[in-house]
Amino acid sequence: AEYIEIHNRSAHPVDVSGWRLSDESSTATFPSQIMLPGSYWVVTSTAAASLFTGPVMGVGNFPTLNNGGDVLVLRDATHQRIDSLRYD
């Protein structure tokens, strides 16, 4: 199953409610969750979430990770860019 991993490297809990993960054709919106300091989460489609163990967040409309490359952008609820990644 396709997934990304996110990490809260801050010393503070982060509410990811309303955060968005996008590629050029789709956007997934995160549900209300608190990400603890130093924690890692797997983010995947709702259908694939049960395939993973540990902290997992299943989201609807998870972007397809295209084999030929893509651009992923993570934005918070105020649309501020948190991180992005281009891969080939």
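The following exchange examines how several descriptions of this predicted model are justified.

User: What makes the protein chain agree with a compact globule?

Analyst: The radius of gyration decides the matter: a compact globule of 88 residues would have a value near 12 Å, and the protein chain has 12 Å, so the two agree. Along its principal axes, the C-alpha trace spans about 35 × 30 × 20 Å. Buried residues account for 36% of the 88 residues. Among contacts with a separation of 6 or more, 51% join residues 24 or more positions apart.

User: Which secondary-structure elements does the protein chain have?

Analyst: The protein chain has 9 strands and 0 helices. From the N terminus on, the order is therefore β-β-β-β-β-β-β-β-β.

User: Why is Leu 72 called buried?

Analyst: Its relative accessible area is 7%. The term buried applies under 20%, so Leu 72 qualifies. Leu 72 belongs to strand β8. Apart from neighbours within four places in sequence, Leu 72 is in contact with Ile 4, Leu 21, Ser 22, Asp 23, Pro 63, Leu 65, Asp 83, Ser 84 and Leu 85.

User: How do you know that Leu 72 and Val 43 are separated in space as well as along the chain?

Analyst: They are 29 residues apart along the chain, and their C-alpha atoms are separated by 13 Å.

User: Why does Pro 37 count as partly exposed?

Analyst: Pro 37 has a relative accessibility of 38%. Partly exposed covers the range between the 20% limit for buried and the 50% limit for exposed, so Pro 37 receives that label. Pro 37 lies in the loop between β5 (34-35) and β6 (40-45).

User: Which residues does Pro 37 contact beyond its neighbours within four places in sequence?

Analyst: Pro 37 is in contact with Asn 8, Ser 10, Ala 11, His 12 and Pro 13. For one of these partners, Asn 8, the C-alpha atom is separated from that of Pro 37 by 5.5 Å, although the two residues are 29 apart along the chain.

User: What makes Tyr 3 and Phe 52 an aromatic pair, and why is the pair called edge-to-face?

Analyst: The structure holds 1 aromatic pair. In the pair of Tyr 3 and Phe 52, the ring centres are 5.2 Å apart and the planes meet at 65°. Pairing requires centres within 6.5 Å, and edge-to-face requires an angle over 60 degrees; the pair therefore satisfies both conditions.

User: What does this pair tie together?

Analyst: Tyr 3 lies in strand β1 (residues 3-7), and Phe 52 lies in the loop between β6 and β7 (56-59), so the pair ties together parts 49 residues apart in sequence. Tyr 3 is partly exposed at 43% relative accessibility, and Phe 52 is partly exposed at 22%.

User: What makes the phi of Asn 61 and that of His 79 worth noting?

Analyst: Most residues other than glycine have a negative phi. Asn 61, which is not a glycine, has a positive phi near 65°. His 79 likewise has a positive phi, of about 75°, without being a glycine.

User: Where do Asn 61 and His 79 lie, and why is each called partly exposed?

Analyst: Asn 61 lies in the loop between β7 and β8 (70-75), and His 79 lies in the loop between β8 and β9 (81-87). Asn 61 has a relative accessibility of 49% and therefore counts as partly exposed. His 79, with a relative accessible area of 47%, is also partly exposed. Exposed would require over 50%.

Note on methods
Residues numbered from 1 in each chain as written. Predicted model: local features only at pLDDT ≥ 70, side-chain atom pairs only at ≥ 80, totals over all residues. Heavy atoms only, no water. Helix = DSSP H or I, 4+ residues; strand = E, 2+ residues; numbered from the N terminus. Buried < 20%, exposed > 50% of the residue type's maximum accessible area, 1.4 Å probe, protein only. Contact = heavy atoms within 4.5 Å. Rg over C-alpha atoms; globule rule 2.2 N^0.38 Å. Phe/Tyr/Trp six-rings, centres within 6.5 Å; stacked < 30°, edge-to-face > 60°.
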